[in-house]
Amino acid sequence: MTESHSPVPAVSLILVNYNAGPLLTDAVGAALASSVPVEVIVSDNGSRDDSLERLRRTHGRDERLRILENGANLGFAAANNRALPLARAERLLFLNPDCLVAPDTLERLIAILDAHPEVGMIGCLVCDPDGTEQVACRRAIPDPWIALQRLLRLDRLNRSAAGRRLDQRHQPLPTEPVEVEAISGSFMLTTRRALEQVGPLDAGYFLHCEDLDWFVRFQSAGLKILFVPNVSVIHHKGACSTGDPLAVERHKHRGMVRFFRKHQMQRYSRLFGGFVIVGIWVHFGLKAVVIRLGSRSRA
């Protein structure tokens, strides 16, 4: 990997790749076609498919692209953090390798980011390939009490629990940028100045919940998270996590436990905290049974 001597870009894009296939080349190509100067850093977690070969064949001569080969699967947070020292821009976009931006996506969003110094992170409308809004696009931070009530179907008896939804798609799409608790982790635009206050992603998470952890830390530092509804990207969800669904669920539930212990457990009694952790692992056990049964039926 050679050092780039091109002018400092407006945005440094960091993509963590793990067997994303041809979507990686599509995502990088879309990013390089942006209307503002960019650089793209691909942090590869030991991919075993042909995604890097395809990428080099198509965009390997573009000096705006750098590839960091980690040699092993470090996890999402650690791989992003490892690429950070290579980024030269003040603005940083953490982008999934299956997420396609439009040519004017970054230009429109950085104008909003630059105009609002109180904003630490910006997300946009993240859509499925058919154009529908994805579930994690605008959301609330998970609440363990409400989650447990729903798991046990107690929310049918408690209308206050039913009234608060983590997924905000039931609300009309805003007509202008609005502050939210959480955005999609597939597209997170921030700045180096904000990271100096908040710090990088917590590498204690391997996959899932590291974005929620970051959102809580941004807001604790007094930095707002903004959702911009009139700028959209296409996200081919799950391209890097389809190989071993049981492992993905295990990492997800480990992340849930870590997030609860780090940010929420101190608010509750020790008994309730233990109940939440047990509930998370019981939920994982049920998911594992469903996955095993599904794999047997397909076999």
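**Exercise 1. Describe the secondary structure of residues 271-290 in this predicted model, and find out what a record says about them.**

*Solution.* Start with the geometry: the span is 100% helix and 0% strand. Next, look at its ends, where the C-alpha atoms lie 29 Å apart. Finally, turn to the record: an unreviewed UniProt entry places the feature "transmembrane region" at residues 271-290. That annotation may be inferred rather than shown by experiment.

**Exercise 2. Locate Gln264 and decide whether Gln264 is buried or exposed.**

*Solution.* Step one is the location: Gln264 sits in the loop between H9 and helix H10 (270-298). Step two is accessibility. The cut-off for buried is under 20% relative accessible area, and Gln264 has 5%, so Gln264 counts as buried. Step three is the surroundings: leaving aside neighbours within four places in sequence, Gln264 is in contact with Ile141, Pro142, Asp143, Pro144 and Phe259.

**Exercise 3. Work out which parts of the chain are tied together by the salt bridge between Arg258 and Asp202, then do likewise for Lys262 and Asp213.**

*Solution.* A general idea helps here: side chains of opposite charge can pair when their charged atoms come close.

1. Take Arg258 and Asp202, whose side chains meet in a salt bridge at 3.0 Å, N to O. Arg258 belongs to helix H9 (residues 245-263), while Asp202 is in the loop between helix H7 (192-198) and helix H8 (210-220), so this pair links parts that are 56 residues apart in sequence.
2. Check how accessible each partner is. Arg258, at 35% relative accessibility, is partly exposed, and Asp202, at 13%, is buried.
3. Now take Lys262 and Asp213, with their closest N and O atoms 2.9 Å apart. Lys262 lies in helix H9 and Asp213 in helix H8, so here the parts tied together are 49 residues apart in sequence.
4. Check accessibility again. Lys262 is partly exposed at 37%, whereas Asp213 is buried, with a relative accessible area of 0%.
5. Put the pairs together: salt bridges that share partners join Asp202, Asp213, Arg217, Arg258 and Lys262 into one network.

For another example, try Glu133 and Arg138, which form a salt bridge of 2.7 Å, N to O. Both Glu133 and Arg138 are buried. The count for the structure comes to 16 salt bridges.

**Exercise 4. Find which residues touch the most other members of the largest nonpolar core, and which strand gives this core its largest share.**

*Solution.* The largest nonpolar core holds 75 residues, and Leu13 and Phe187 touch the most other members. Its largest share, 7 residues, is supplied by strand E6 (residues 119-127). Zoom in on Leu13: beyond residues up to four places away in sequence, Leu13 touches Ala31, Val38, Glu39, Val40, Ile41, Leu93, Leu95 and Leu106. Another core, of 6 residues, lies apart from the largest one and includes Val257, Phe260, Val276 and Ile277.

**Exercise 5. Explain why strand E6 is described as largely enclosed, and identify the strands E6 is joined to.**

*Solution.* First, count the buried residues: 9 of the 9 residues of E6 are buried, so E6 is largely enclosed by the rest of the structure. Second, follow the bridges to strand E11 (residues 224-235): there are 8, and the two strands run parallel. One of the positions to look at is Cys127, whose bridge partner in E11 is Ile234. Third, turn to strand E10 (residues 187-191), which is joined to E6 by 2 bridges and runs antiparallel to E6. Here, Met121 stands opposite Thr190 in E10.

Notes: Residues are numbered from 1 along each chain as its sequence is written. This is a predicted model: local features need pLDDT of at least 70, side-chain atom pairs count only at pLDDT 80 or more; totals for chains, interfaces and linings use all residues. Side-chain values use heavy atoms; hydrogens and water are left out. A salt bridge is a side-chain nitrogen of Lys or Arg within 4 Å of a carboxyl oxygen of Asp or Glu. Buried means under 20% relative accessible area, exposed over 50%, partly exposed in between (1.4 Å probe, protein chains only). Helices (H or I, at least four residues) and strands (E, at least two) are DSSP runs, numbered from the N terminus. A nonpolar core is a set of buried Ala, Val, Leu, Ile, Met, Phe, Trp, Tyr and Cys residues joined through side-chain atoms within 4.5 Å. Contact means heavy atoms within 4.5 Å. Two strands pair if DSSP finds at least two bridges between them.
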